Amino acid sequence: MAYEIRKAAVLGAGVMGAAIAAHFANAGIECALMDIVPPAPPAGGGRKRAGEDAAAWRSSLAASALGRMLTSKPAAFHTKKNASLIRTGNFEDHLGWLREADWVVEAVVEDLGIKRQLFAGIENYLKPDCIVSTNTSGLSIRDISARFSGKRKETFLGVHFFNPPRYMKLLEIIPGKETRREIVEYLTTFCEERLGKGVVICRDLPGFVANRIGTFDMANAIRLMVEKNFTVEEIDTVIGRALGRAGSSIFGTLDIVGLDIARHVMRTLHETLPEDEGRDVFVPPDFIDRMVEKKWLGNKTGGGFYKKTKDDQGRDVKLVLDYRRMEYVAQALPLFDSVSRAKKDEEEVAGKIRTLFNGTDAAAQLAREYLCRNFIYAANRVPDICDDILSVDRAMRWGYNHQLGPFETWDVVGVREAVAVMERLRLPVPPKIQEMLNNGYESFYCKDGVQGRDGLLMYDFGTKDYRRIEENPRVVILSSLKERGKIIKRSTGASLVDLGDGVACFQIHTKMNVIDDDVIRMLSAGCDIVEKDFLGMVIGNNDVNFSAGANLLKVLLACQQGEWDILEQMVSAFQDVNMRMKYLTRPVVAAPAGLTLGGGCEIALHAAKCQPCGETYLGLVETAVGVIPAGGGCTELMVRLTEGLPDGLVEAGLNLQHFTAKAFENIAMAKVATSAAEAMEMGYLRKTEQVSMNRERQLWEAKQVVIGLARFYRKPKQALIPVMGENFRGLAEAILYNMRRGNYISDYDVFVARKLAHVLSGGDCPEGTLIGEQEILDREKDAFLSLCGEQKTQERIMHMLKTGKPLRN
């Protein structure tokens, strides 16, 4: 049977249910969001009162939840316009909507009785082939579906979205015993492609995979803190970025989750896992019980393990909990030699972990025992909770933001070496691990060594041998292509890689993928090669971010040393390569994702098309460091905002204020789009671009766009840009006057913005004048160079390099 999800319904409009509905809308899926009728009627009315007010009140819980999603931080929607895809209703009046739904997700409170009651009430409204799921973090799928008919059990399964659904990649799918295999396969593919998820298939056991391993991870850290007499901030220093953990580490993460929720999960796992050898670790310590009693629940109550407050001078201060005395104290900055060396000497996470694991101080001792206990627990869970070690590693990377999962981390420190540490600590080494080593298997993952084959193998505890990890042909891994000899040309800062089928990929690999003179030279060379030997080119990577912009350090050094000729040459070269790329006879498709700022944004703007990731944060932010875009950003944004205007309208006196003011506002305010959809609204991306929801498939999808364009591609005609001339500079002065009077901007912001206004205005000409791109490009360059000579600009650049934050001087 062929399945297709066009419409969905979410039952339960709590925080999770409403956020799931919002993400369905982000994927372009129409969704019904329903909840109960409020228990108390409005004043003077009854539950059955007629009229529009009563109807609105009866669905007010879902409507209010949708309203909260529109103002939530971080934003639940890619753009607020997506909310129009959601209609709100209630369980008494609108169950008929379910007849249209292809996928129904129940997301009410974690109460078995309530879930069963709801499913009993909706079963007759569902299409026979409707996929039905419960969203739960730990309730038994078997128990929830126990009273279903046999046919309905075939289309039922559990799902576990991680919060917030828009940003958290992991989605656990928990099939029931009767769930059709084709439904599991279809839903996995659908969630990966349309929702951008990383799917892990789990057994129907408490905590599934991520929360089972992840909760043990955090409970293990808490127990070691108490046993070894460490402080909260010491634990977070050791079990932080140096071990490949999220910046929030252990206790910052617990503050985000909420101590009440974390305690509930820990208690539930302890109660429901009587045969788990590590269950006692799940027992929350007394101080967590006391924190819950005092409502010190974390961020949602203003304080948990950490608390933000102000000192006597009104300055922001961050306090930390002394769990022994149960009082907040000033936060110390723990210093451990092994942690400092790991952060200082190693760039890659694997090197950091090895340095810390092999250290000699107290932090290293803590790290070794913490990791070894985690290794043992994870090894003992496979294959009980999932099929293989890869599922565990993916769950921890995608659901807990660990850079490496437990088995990947174990490989980094050495399987045999970690076992030796376990033996010294008198920890029980899992027999399966000892057997694995005895049989000559020294790692959990390895490269396929068979001649003529490549790829990755993983150790299988069931077969006691390596088995091949199936590669997804729609996932392009540039590092794998490089290992296979697909490098066309390479420099220190960038590579040109053969993607196959006549398509090349230009990859920047400087730190934060910043753009410098080497990258510019490589891009120019790449254009030459592609024009001669390829159908087209993709510009992208597998990193979190596309590009953070220009190399500010090189710009600052050139300014300080007065190397104006070199700086001018660099700007001219960047403008030239962007224009070369724009007017190449082969199509160039940019694949921006994550931070796509400044010069990175300019590269994306000059591509023939973009294939952006949904989570693309794109903007021309140069004014934050006291300059304006000079790689063609001003020029191309003006082209984007005015392209498609009929020539007759411009000549007839069309008011250009809307278009020019939008470009001015975007650049002067250093506005950054918070999604690809918002970038389209701001004019950075064309509204005709397709969006990749799954970051891992983005390069493959961009490659298909290149192939599709190449057959009939013709390079674009030189653009003529309608400008406002002096009229716009007058308008800009009025805007700047009001913003300065309101103290929204500084005097220097006004100075920079006037330079920008002069560029966008096109100079001293009447409104409606059509000018060529090169004229605005020259104005960009002149304004940029003049601003670089200002002391305040150099101060801003230096401050940004030191702090990562803008300076308003």
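A residue counts as buried here when its relative accessible area is under 20%. Keep that cut-off handy, and keep in mind that you're looking at a predicted model.

**Stop 1: Phe216 and Tyr377.** Select phenylalanine 216 to begin. Its relative accessible area is 6%, so it falls in the buried class. Now add tyrosine 377, which is buried too because its relative accessibility is just 2%.

**Stop 2: the helices around them.** Colour α8 (residues 210–228) and α15 (residues 362–381), the helices that hold Phe216 and Tyr377 respectively. The axes of α8 and α15 lie 10 Å apart, and the angle between them is about 145°. Look along the crossing and you'll find that it is right-handed. To see what makes the contact, show side chains: on α8 pick residues including Arg212, Phe216, Asp217 and Leu224, and on α15 pick residues including Leu366, Glu369, Tyr377 and Arg381. Sorted by class, this α8–α15 contact comes out as eight nonpolar, six charged and two polar residues.

While you're on α15, bring up arginine 381: it sits over the face of tyrosine 377, 4.4 Å from the ring centre. For another arginine placed over a ring, jump to arginine 87, which lies over the face of tryptophan 97 at 4.2 Å from the ring centre.

**Stop 3: aromatic pairs.** How many aromatic pairs does the structure hold? There are 26 of them. Try phenylalanine 148 with phenylalanine 156: the ring centres are 4.8 Å apart and the planes meet at 80°, so this pair is edge-to-face. Are these two rings buried or exposed? Phenylalanine 148 is buried, at 11% relative accessibility, and phenylalanine 156 is buried as well, at 2%.

Now go back to Phe216 and Tyr377, which form a stacked aromatic pair with 4.0 Å from centre to centre and 0° between the planes. This pair ties together distant parts of the chain, its two residues being 161 residues apart.

**Stop 4: an aromatic cluster.** Select Phe375, Phe407, Trp410, Tyr441, Phe444, Tyr459, Phe461 and Tyr466 together; they make up one aromatic cluster.

**Stop 5: Thr793.** Finish in helix α33 (residues 791–803), where you'll find threonine 793. Its relative accessibility is 0%, so threonine 793 is buried. What does it touch, beyond its neighbours within four places in sequence? Show Val625, Gly626, Val627, Tyr748, Leu787 and Cys788 to see threonine 793 with those contacts.

Key
Residues numbered from 1 in each chain as written. Predicted model: local features only at pLDDT ≥ 70, side-chain atom pairs only at ≥ 80, totals over all residues. Heavy atoms only, no water. Phe/Tyr/Trp six-rings, centres within 6.5 Å; stacked < 30°, edge-to-face > 60°. Buried < 20%, exposed > 50% of the residue type's maximum accessible area, 1.4 Å probe, protein only. Helix = DSSP H or I, 4+ residues; strand = E, 2+ residues; numbered from the N terminus. Lys NZ or Arg CZ within 6 Å of the ring centre and 35° of its normal. Axes fitted to C-alpha atoms, helices over the stretch in contact; angles between N-to-C directions. Left-handed = near helix turned anticlockwise from the far one by under 90°. Contact = heavy atoms within 4.5 Å. Nonpolar A, V, L, I, M, F, W, Y, C, P; charged D, E, K, R; others polar.
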